[in-house]
Amino acid sequence: MKSLIIDERLSEIKASFQEIQLIEEDQHHSYGNSGRVTMLPKTEQEICSILEYANTHHHSIAIMGGGTKRGFGGQLEKADILLSLGQYTGIVEHNPGDMTITVKSGTTFQAIQNYLAQYNQKIPLDPFYPKEATIGGIISANDSGPKRLGYGAARDNVIGLHMVYPDGTVIRSGGKVVKNVAGYDMNKIFIGAMGTLGVVSQVTLKLRPVTNYESILLVSFPESNLEETSAFAVKVLDSMIEPISLEILNPTLAGKLTNTNQYTLLISLEDVKSSVHYQENVIRHLAPDKTTLLSLSGNEAKSFWDQFYDQQPNCITNATTTQAVLKIGVINLDVIKIIQEAALIADTCHVSIEAHGGLGTGLCQMVISGASDDVLSAIQLVREKAVQLGGYAIIKHLTFSLRQEINVWGDKSSSHFLFEGMKQKIDCNRILNPNRFVGGI
């Protein structure tokens, strides 16, 4: 009976949307968040029509851009419809003088940066997988990397959104200029909501000039005792230096990226050349004895970042072992405690852990690889440590089958009722990205 109902739904959807490219899905995706039928709209109006139809007929919808975040949340292997924004791409409006740009949500991050390069401008964000990740997915997941310290997060750089509500209504929040202060900042409700409140249609972002000169300093510490590392980081943060990133790498990740298996502090600097060199000299003066300092600039720095942003597992490439990616938030310098704990957990659970964390942001990313049961055990231990430190640990990448065995988001917070209230108000039929947000929303 169930398969008959599904067949009837598919036939109904195909008949209703003959003008939109539609692909029937037969294969199972190991990360879930797929659909029995994939729909590829090319216009905002087509997105509205699909959502209005799905809401009226109570069809569940999974939303996808480049597919890099399929392993982030979700308890449905297949929704009724997979709404793919892969063909909804392009620049809507660019104002070089105002330093703003409006783009369609299916446009990849790298494509936008390539377009802006001819104007000597860029979006001040540094997401993972920039070649594949779409701007809509980055905004929906509030994705960012080590340069968040200097650039800010998506919430700091988005000034306007077009959101398509489940009933097909287009909501415009924010504006097209940087100085937009009228009313509530509705953008922040949707950024990071994982597509559970609406489909991002268009995004307006602040821009900044392309970096004049960039340098990366990699300060490696020969001892496992990280007290000296912490003291050095405090000196850097208290100085006049303005690093774009101040990230600690554990020995496993440092060995992979730099061939030096030691705790390493990554300091990124961006400014005019003379200013960067001045800051480099200050850091050399502050660096403790017995540390090793490696400097990268120009093409070497670019190659390092290219490797860094592509080194985490995603849902496009196949892994030979079980891999999980955790996002951990703690008080800034407590990142060092989490990184230290990772070494103990790796030995206890017989897994490999590659970890890095921002000493100016308190955000840590951790890749855990190994046998399935060992990975799940390691996740639980990391989460317990994060909660003990007053923080959190969420899973942003894991196969669908293992997401059935562990709570992706951790315990509900005291403010969970607010999220539930917004979901009920905006998506009362709960059709959009079911269970992709905190507490199973």
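These questions and answers walk through strands and a helix of one predicted model.

Colleague: What should I know about numbering and cut-offs?
Modeller: Residues are numbered from 1 along each chain as its sequence is written. In this predicted model, local features need pLDDT of at least 70, side-chain atom pairs count only at pLDDT 80 or more, and totals for chains, interfaces and linings use all residues; side-chain values use heavy atoms, leaving out hydrogens and water.

Colleague: In what order do the eight strands of the open sheet lie?
Modeller: Strands here are DSSP runs (E, at least two residues), and helices are runs of H or I with at least four, numbered from the N terminus. Two strands pair if DSSP finds at least two bridges between them. The pairing in this sheet is antiparallel, and the order is E15-E12-E14-E13-E17-E18-E16-E19.

Colleague: Which are the edge strands?
Modeller: An edge strand here pairs on one side only. That picks out strand E15 (292-297) and strand E19 (392-397).

Colleague: Which residue stands opposite Leu-249 in E14?
Modeller: Strand E13 (residues 245-249) and strand E14 (residues 263-271) run antiparallel, joined by five bridges. Opposite Leu-249 in E14 is Thr-264.

Colleague: At what angle does helix H11 run to E15?
Modeller: Helix H11 (residues 299-310) lies across E12, E13, E14, E15 and E17. Axes are lines fitted to C-alpha atoms, for helices over the stretch in contact (heavy atoms within 4.5 Å). Angles run from 0 to 180 degrees between N-to-C directions. For H11 and E15 the angle is about 100 degrees.

Colleague: Why do the buried residues of H11 line one face of the helix?
Modeller: Buried means under 20% relative accessible area, exposed over 50%, partly exposed in between (1.4 Å probe, protein chains only). The buried residues are Ala-301, Phe-304, Trp-305, Phe-308 and Tyr-309. Seen down the axis, they line one face because their directions, taken from the helix axis to the C-beta atoms, fall within an arc of 120 degrees.

Colleague: Which exposed residues does the face of H11 turned away from its buried side carry?
Modeller: The buried side is covered by elements including E12, E13, helix H9 (251-258), E14, E15 and E17. The face turned away carries Asn-299 and Lys-302.

Colleague: How many residues of strand E2 are buried?
Modeller: Strand E2 (residues 34-40) is joined to strand E1 (residues 21-24) by four bridges, running antiparallel. Five bridges join E2 to strand E4 (residues 78-84), running parallel. E2 is mostly covered, and the buried count is six of its seven residues.
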